[in-house]
Amino acid sequence: MNIRIGQGFDVHAFGEGDHVVLGGVRVPHDRGVVAHSDGDVVIHALCDAMLGALALGDIGQHFPPSDARWKDADSRAFLRHCLALASERGWRMGNADITVICERPKVGPHAQAMRELLAQDLAVSVEEVSVKATTSEKLGFTGRGEGIGAMAVCLLVRA
């Protein structure tokens, strides 16, 4: 096979703080997230998608929250690690499509900056990375403003 597809999902509860990190971008918000690392749901979902495409488990196996090394870690390092795992096995990123699920903060004003950082870390052009958002129409934990989620799909291609 010359392609592999992976999908990922991540959620974090809101907690104390004044921002969230999404796709490597610090987004002002009246809450932070409860997380061991920086709690970047965009990158965590994308890492899970990449690891799934590689059949290498999930982000928790590679960066366990029980490991003090990852306390408050920048999730962009996780993404670069996942790309290195892919490269070592002869794969490169084809494209990635990410959806953030929340009522707030508003993602649209920050989506382009996220695309640019993710493309940089994935060694692809910005046209290969999609970041979009949706609400859950006030339903569930995201609708009640209790947390934030993200879904990601990626295509890996033979290098």
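In this predicted model, helix α3 buries S75, R76, F78, L79, C82, L83, L85 and A86. The cover over these buried residues comes from several elements, including α1 (41-53), α2 (59-62), β5 (91-101), α4 (111-122) and β7 (147-158). The helix itself spans residues 75-88, 14 residues in total. From its first C-alpha to its last it reaches 20 Å, close to the 20 Å expected at 1.5 Å a residue.

Both ends of α3 have a local feature to look at. At the start, D74 places a side-chain oxygen within 2.9 Å of the backbone nitrogen of R76; R76 is also among the buried residues of the helix. After the helix comes G90, which has a positive phi, near 90°.

Two of the buried residues of α3, S75 and F78, lead to another part of the chain. Both are in contact with S37, a residue in the loop between β4 (32-33) and α1. Beyond its neighbours within four places in sequence, S37 also has contacts with H44, W70, D72 and A73. With H44 there is a polar contact between the two side chains, at 3.3 Å. S37 has a relative accessible area of 10%, so it counts as buried.

C82, also in the buried set of α3, raises the matter of disulfides. A disulfide is a covalent bond between the sulfur atoms of two cysteines. How many disulfides does the structure hold? The count is 0. For C82, the closest cysteine sulfur is that of C47, at 3.8 Å; the cut-off for a disulfide is 2.5 Å, so this pair is too far apart for a bond. C82 is buried because its relative accessibility is 0%. For C102, the closest cysteine sulfur also belongs to C47, but at 19 Å, and therefore too far for a bond. C102 has a relative accessible area of 4%, which means that it is buried as well.

The last step follows β5, one of the elements that cover α3. β5 pairs with strand β6 (residues 129-134) in the parallel sense, over 6 bridges. In one of these pairings, A96 has V129 of β6 as its bridge partner. Between the two strands the chain passes through α4, and this β-α-β crossover from β5 to β6 is right-handed. The connecting helix, α4, is also among the elements that cover the buried residues of α3.

Notes. Residues are numbered from 1 along each chain as its sequence is written. This is a predicted model: local features need pLDDT of at least 70, side-chain atom pairs count only at pLDDT 80 or more; totals for chains, interfaces and linings use all residues. Side-chain values use heavy atoms; hydrogens and water are left out. Helices (H or I, at least four residues) and strands (E, at least two) are DSSP runs, numbered from the N terminus. The expected span of a helix is 1.5 Å times one less than its number of residues. Buried means under 20% relative accessible area, exposed over 50%, partly exposed in between (1.4 Å probe, protein chains only). Contact means heavy atoms within 4.5 Å. A polar contact is a pair of N or O atoms within 3.5 Å; within protein, one must be able to donate a hydrogen and the other to accept it, and residues adjacent in sequence count only if both atoms are side-chain atoms. Two strands pair if DSSP finds at least two bridges between them. A crossover is right-handed if, with the strands pointing away from the viewer, the path from the first strand over the helix to the second runs clockwise.
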